[in-house]
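Me: I have a new structure open and would like to learn how to read it. Could you take me through it feature by feature?

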Amino acid sequence: MMWKNILSSIGIGGVAIDTVLEKTDYHAGEKMKGKVLINGGQAAEPIDALVISWYLQIHEVREDSDFSYHDKELKEMTIPIQRDIQPKEKLTIPFTLEIDAEHPPTSAAHQTFLKTTAVIPQAVDPFDQDEVIILPKRK
């Protein structure tokens with residue numbers, strides 16, 4: 001049992017998460033609905049919270065940077081869990097996130113991502129990242 005706890009703490013055989021959205025594309029100004037699926041690993045692990053980060057990746061060439069893109073965090077939502085996830089347990093956490101009406105549509109220069117992280121004390125935090133297609137605001 002001790003080995004399972006050690007392996008889980010470094011991310012091997014530990015809790016896994018998957019964020020599932022109702023659909024893959026949304027209009028600016030729309031409410032995004034989804035759920036986070038938490039799957040227990042080989043040993044019980046305490047999860048403090050889920051952190052859902054909504055960010056825009058902007059691609060542009062800048063002379064003051066070696067990188068052709070930068071991330072701009074738009075929103076962050078914390079969902080407290082504060083309990084142990086038992087081995088092989090399956091837990092579903094629903095969420096809703098409102099997309100700003102002025103959010104830029106997806107293009108070569110703008111991509112939008114939803115990153116979900118499970119906050120696990122003294123262990124590698126598992127995460128899931130999904131691209132979300134943003135369509136122009138409905139008229």
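Reply: Gladly! Let's start at Gln82, which lies in strand S5. Keep in mind that this is a predicted model.

Me: What is the phi of Gln82?

Reply: Gln82 is not a glycine, yet its phi is positive, about 45 degrees. Gln82 counts as exposed, because its relative accessibility is 64% and exposed means over 50%.

Me: Where does Lys88 lie, and what is its phi?

Reply: Lys88 lies in the loop between S5 and S6. Its phi is near 65 degrees, again a positive value in a residue other than glycine. At 63% relative accessibility, Lys88 counts as exposed.

Me: Let me step back. How many helices and strands are in the chain?

Reply: The chain has 1 helix and 8 strands. Following the sequence, you meet them in the pattern α-β-β-β-β-β-β-β-β. Contacts tell you how the chain comes together: among those between residues at least 6 apart in sequence, 67% join residues at least 24 apart.

Me: And how much of the chain is buried?

Reply: Of its 139 residues, 37% count as buried. The accessible surface comes to about 8300 Å², and 53% of that belongs to carbon and sulfur atoms.

Me: Now the inside, please. Which residues touch the most other members of the largest nonpolar core?

Reply: The general idea first: in soluble globular proteins, nonpolar side chains tend to be buried together. Here the largest nonpolar core has 26 residues, and Ile38 and Leu114 touch the most other members. At least two residues of this core come from each of strand S1 (16-21), strand S3 (31-39), strand S4 (45-59), strand S5 (69-85), strand S6 (90-98), S7 and S8.

Me: What does Ile38 touch, leaving out residues up to four places away in sequence?

Reply: Its contacts are Val15, Ala16, Ile17, Ile47, Leu50, Ile85, Glu89, Lys90, Leu91 and Ile93. As you can see, Glu89 and Lys90 are on that list too.

Me: That brings me to charges. How many salt bridges are there?

Reply: The general idea is that side chains of opposite charge can pair when their charged atoms come close. In this model the count comes to 3 salt bridges. One of them joins Arg83 and Glu89, with the closest N and O atoms 2.5 Å apart. Arg83 is partly exposed, with a relative accessible area of 35%, whereas Glu89 counts as buried at 19%.

Me: Which residue does Glu30 meet in a salt bridge?

Reply: Glu30 meets Lys23, and the N to O distance is 2.6 Å. Glu30 is buried, with a relative accessible area of 17%, while Lys23 is partly exposed at 33%.

Me: Which parts of the chain does the salt bridge of Lys75 and Asp100 tie together?

Reply: In this pair, the closest N and O atoms are 3.6 Å apart. Lys75 lies in strand S5 and Asp100 in the loop between S6 and S7, so the salt bridge ties together parts that are 25 residues apart in sequence. Lys75 counts as partly exposed at 25% relative accessibility, and Asp100 counts as partly exposed at 42%.

Me: What touches Ser53, setting aside neighbours within four places in sequence?

Reply: Ser53 lies in strand S4, and its contacts are Glu73, Lys75, Glu76, Phe113, Leu114 and Lys115. Lys75 will be familiar from its salt bridge with Asp100. At 11% relative accessibility, Ser53 counts as buried.

Me: How do I read aromatic rings, and how many aromatic pairs are there?

Reply: A pair of aromatic rings is described by the distance of the centres and the angle of the planes. The count here comes to 1 aromatic pair. The rings of Tyr55 and Phe113 have centres 5.6 Å apart and planes at 25 degrees, so the pair is stacked. Tyr55 lies in strand S4 and Phe113 in strand S7, so the pair ties together parts 58 residues apart in sequence. Both Tyr55 and Phe113 are buried.

Me: Which ring does the charged end of Lys115 sit over?

Reply: It sits over the ring of Phe127, 4.7 Å from the ring centre.

Me: One last stop: is Gln122 buried or exposed?

Reply: Gln122 is exposed, with a relative accessible area of 80%. You will find Gln122 in the loop between strand S7 (110-119) and strand S8 (127-135). The C-alpha atoms of Gln122 and Pro46 are separated by 9.6 Å, although these residues are 76 apart along the chain.

Terms used:
Residues numbered from 1 in each chain as written. Predicted model: local features only at pLDDT ≥ 70, side-chain atom pairs only at ≥ 80, totals over all residues. Heavy atoms only, no water. Helix = DSSP H or I, 4+ residues; strand = E, 2+ residues; numbered from the N terminus. Buried < 20%, exposed > 50% of the residue type's maximum accessible area, 1.4 Å probe, protein only. Core = buried A, V, L, I, M, F, W, Y, C linked by side-chain atoms within 4.5 Å. Contact = heavy atoms within 4.5 Å. Salt bridge = Lys/Arg side-chain N within 4 Å of Asp/Glu carboxyl O. Phe/Tyr/Trp six-rings, centres within 6.5 Å; stacked < 30°, edge-to-face > 60°. Lys NZ or Arg CZ within 6 Å of the ring centre and 35° of its normal. Areas by Shrake-Rupley, 256 points an atom, 1.4 Å probe, with all protein chains shown as cover.
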